[in-house]
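Thanks for giving me a few minutes this morning. I would like to walk through one structure slowly, and I will try to explain each step for those who are new to this kind of work.

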Amino acid sequence: MSDEIRNLEPKALWENFYSLTQIPRPSKHEDEIQAFLKKYGEDLNLDTIKDEVGNIIIRKPATPGMEDRMGVILQAHLDMVPQKNSDTDHDFEKDPIQTYIDGDWVKAKGTTLGADNGIGAAAAMTVLADKELAHGPIEVLLTSDEETGMTGAEGLKPSVLKGDILMNLDSEDEGELYIGCAGGVDTVIEYCYTEEAAPEGYAAYKIAVTGLKGGHSGMDIILNRGNANKIMNTVLSQTSEKCGLRLASICGGSLRNAIPRESFATVMVPNENVETFATLMKELILIVQDEFSETDPEVKVIYNEAEKPATLIDEKTAQALYAGIANCPNGVRSMSNDFEGVVEVSSNLAVVKSENGLISIGSLQRGSDDAGKDQLAADIAKAFTDQGAKAVHEGAYPGWKPNPESKVLALMRKIYQENFGKEAAIKVVHAGLECGILGAKYPNWDMISFGPTIRFPHSPDEKVNHPTVKMFFDFLAEALKNVPKK
C-alpha cells in the first residue's frame with residue numbers, strides 16, 4: 001500500500017514525497033538523504049552544493065524573461081522525528097516509512113509519517129524539476145538536523161545565499177500565513193545516584209504508562225495532553241510514600257520536542273505491602289484515566305510482576321527526583337496578548353532516564369517572549385537544583401519577530417484571496433521555525449511560512465491532508481509566478 005500515494009495530486013510532488021519516505025532520515029542520520037538530494041540537483045544539471053553542516057543548496061536560474069525578479073529561497077528541512085508505537089517493529093535508521101491513504105489523509109503504519117517536513121522538501125524538489133512553471137531566480141535550502149538542534153540553520157554561512165525572499169515550507173495549517181515563531185532553550189538536569197544492592201523480602205514490578213497521544217511539544221502543547229513523565233512521577237511518589245516502594249530504573253520519553261507518550265519504571269515493594277500497593281495502583285489508574293478521559297482516552301497505567309533487579313537507586317536521590325518533577329512546570333505558562341489563541345510561553349518535560357548512576361532529565365522551553373521563556377527555564381532549573389541536582393541551559397535559539405508590514409505578506413494575502421476566494425489567516429506559531437535563526441544571518445530577507453494541513457506531528461498519529469497539499473503547491477506556484485521585480 002505504501003506506493004499508492006504516488007497517484008495523488010499533484011503527482012510530481014507525491015512521487016517526490018514517496019522517494020523521501022523510502023530513505024531513512026531521522027535527525028543525526030541524514031547522510032543518505034543528503035546524498036540523494038545532492039544527486040537529485042546534479043541530475044537536473046543545477047548548481048548543487050552540500051555545505052560543512054550538511055545543508056543541501058540547489059540553485060535554479062530564472063525562467064527566460066524573469067531574470068529581473070526578486071530571488072526566492074524555498075526552505076525546508078531534511079530530517080524527521082523518529083517516533084513509533086511500542087508494538088511497532090521499525091528501525092528508523094534502516095526501514096522505509098510505510099504509508100497509506102485513509103480518506104483525505106495520508107498516514108503511516110505505527111510511526112511518524114515525516115510529512116514534517118517531507119512535504120515541504122518534496123514541494124521544493126518539484127519546483128526544481130518543473131520546466132513549465134514560471135519563476136524568477138530560485139535557491140532551495142534544505143537544512144540538516146532541524147528537529148534536534150537546528151544544526152543546519154545555525155551552521156549556514158551568512159554569504160552563501162543571494163535571494164531576497166525566504167519562503168519557509170514548514171507550517172502545518174493550509175490557509176494560514178505565518179509571520180513569526182517562538183524561540184527556545186533546553187534545560188538539562190542531572191542527578192547522580194548510588195546503586196544499592198536489591199534487598200530480600202521485596203517483590204519486583206514493571207510499571208508502564210502508555211496510550212498517550214503525545215505530539216509536537218510546541219504545536220500541540222495547548223491541547224493539555226498527558227505527559228507520561230508527570231504521570232509516572234505521580235504514581236511513583238504516591239506509592240513510595242504509602243507502600244515503601246523503591247525505584248530501580250526509569251525511562252520516559254525520548255525526544256526533546258515531542259510530548260512524552262510512554263514511561264517505564266522497574267520498582268520493588270516490601271512483601272508485607274504488596275496488597276496495599278495493588279489497591280493503591282487501582283485507585284491511581286482510575287484517577288489518571290478520569291483526568292485524561294478527554295485528551296487521552298486510551299491512556300493506560302499497567303503494573304506487572306517482574307524479574308528482580310540487581311540494584312536500586314538510593315532512596316535519597318529517588319525522593320529528590322520525585323520532588324523535582326512534582327515542582328517542575330510543564331505545559332502552557334502564558335498566552336499571547338497580541339494573537340488570540342496562541343501560546344506565548346510553554347515547557348515540555350520531555351525525557352527522564354536513569355542509567356549507570358546518572359538520572360538525566362530534559363525539558364524544552366519555548367516562547368515568543370524571551371524574558372518569559374528565560375524565566376520559565378530558570379524556574380525549572382530551580383525546581384531540581386533545590387533538590388540537589390545540577391542544571392544547565394543549552395541550545396538556545398531566537399524567535400522570529402512578526403512584521404505585519406511585510407511586502408511578501410501583502411503579496412501572498414492578495415494571491416491567496418484571488419485564487420481561493422477567501423482571506424488567509426495571519427498567524428504566529430508556537431514552534432521553533434528556522435526563520436528566527438536564518439533571519440538573524442540574513443536580516444535583509446522578507447520571510448513568510450506556509451504549508452498544507454498536518455496534524456499530530458512528532459507522534460505516530462501524524463497525518464497530512466492530501467487535498468490541502470494540492471492547494472499548498474498551487475499557491476506556491478502562483479506566488480513564484482508573481483514575485484515582484486527587484
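I will talk about helix packing, then aromatic rings, and then some unusual backbone angles.

Please keep in mind throughout that what you see is a predicted model.

Let me begin with helix 3, which covers residues 115-129. Its axis and the axis of helix 1, residues 11-21, come within 8 Å of each other and cross at roughly 130°. That angle makes helix 1 oblique to helix 3, and the crossing of the two is right-handed. If you would like to find the contact on the screen, look on the helix 1 side for A12, L13, W14, N16, F17 and L20, which meet a set of residues in helix 3 including A115, G118, I119 and A122.

Helix 3 also meets helix 2, and here the axes come within 10 Å and cross at roughly 20°. How does helix 2 run with respect to helix 3, roughly parallel or oblique? An angle under 35 degrees counts as roughly parallel, so helix 2 is roughly parallel to helix 3. The crossing in this case is left-handed, and the residues that meet are F36, L37 and Y40 from helix 2 with M125, T126 and A129 from helix 3. M125 and T126 of helix 3 are also among the residues that meet helix 1.

One residue of helix 3 that I would like to single out is A124, which is buried, with a relative accessible area of 0%. Leaving aside residues up to four places away in sequence, A124 touches L74, V140 and L169. By contrast, A124 and V188 lie 64 residues apart in sequence, and their C-alpha atoms are 36 Å apart in space.

Now let us turn to the aromatic rings. A pair of aromatic rings is described by two things, namely the distance of the centres and the angle of the planes. In this model the count comes to 11 aromatic pairs. One of them is formed by Y191 and F384, with 6.3 Å from centre to centre and 75° between the planes, which is an edge-to-face arrangement. Because Y191 belongs to strand 9, residues 183-192, and F384 to helix 8, residues 370-385, this pair ties together parts that are 193 residues apart in sequence. Both partners are hidden from solvent in the sense used here: Y191 counts as buried at 3% relative accessibility, and F384 counts as buried at 0%.

A second pair is Y416 with F475, where the ring centres are 5.3 Å apart and the planes stand at 85°, so this pair is edge-to-face. Y416 lies in helix 9, residues 407-420, and F475 lies in helix 11, residues 466-481, so the pair ties together parts that are 59 residues apart in sequence. Y416 is buried with a relative accessible area of 1%, and F475 is buried with 5%. These two rings do not stand alone, since ring pairs link Y416, F420, F450, F472 and F475 into a cluster. Elsewhere on the list of ring contacts, K463 lies over the face of W105, at 4.5 Å from the ring centre.

My last topic is the backbone. Most residues other than glycine have a negative phi, and most peptide bonds are trans. With that in mind, which residues are joined by a cis peptide bond with omega of about -5°? They are E9 and P10, and P10 sits in the segment before helix 1. Another cis peptide bond joins D116 and N117, with omega of about 5°, and N117 lies in helix 3, the helix we started with.

There are also positive phi values to point out. K28, although it is not a glycine, has a positive phi of about 80°, and its place is in the loop between helix 1 and helix 2. M150, likewise a residue other than glycine, has a phi near 55° and lies in the loop between strand 6 and helix 4. Are these two loop residues buried or exposed? K28 counts as exposed, at 55% relative accessibility, whereas M150 is buried, with a relative accessible area of 4%.

That is where I will stop, and I am glad to go back to any of these places on the screen.

Note on methods:
Residues numbered from 1 in each chain as written. Predicted model: local features only at pLDDT ≥ 70, side-chain atom pairs only at ≥ 80, totals over all residues. Heavy atoms only, no water. Phe/Tyr/Trp six-rings, centres within 6.5 Å; stacked < 30°, edge-to-face > 60°. Helix = DSSP H or I, 4+ residues; strand = E, 2+ residues; numbered from the N terminus. Buried < 20%, exposed > 50% of the residue type's maximum accessible area, 1.4 Å probe, protein only. Lys NZ or Arg CZ within 6 Å of the ring centre and 35° of its normal. Axes fitted to C-alpha atoms, helices over the stretch in contact; angles between N-to-C directions. Parallel < 35°, antiparallel > 145°, perpendicular 65-115°, else oblique. Left-handed = near helix turned anticlockwise from the far one by under 90°. Contact = heavy atoms within 4.5 Å.
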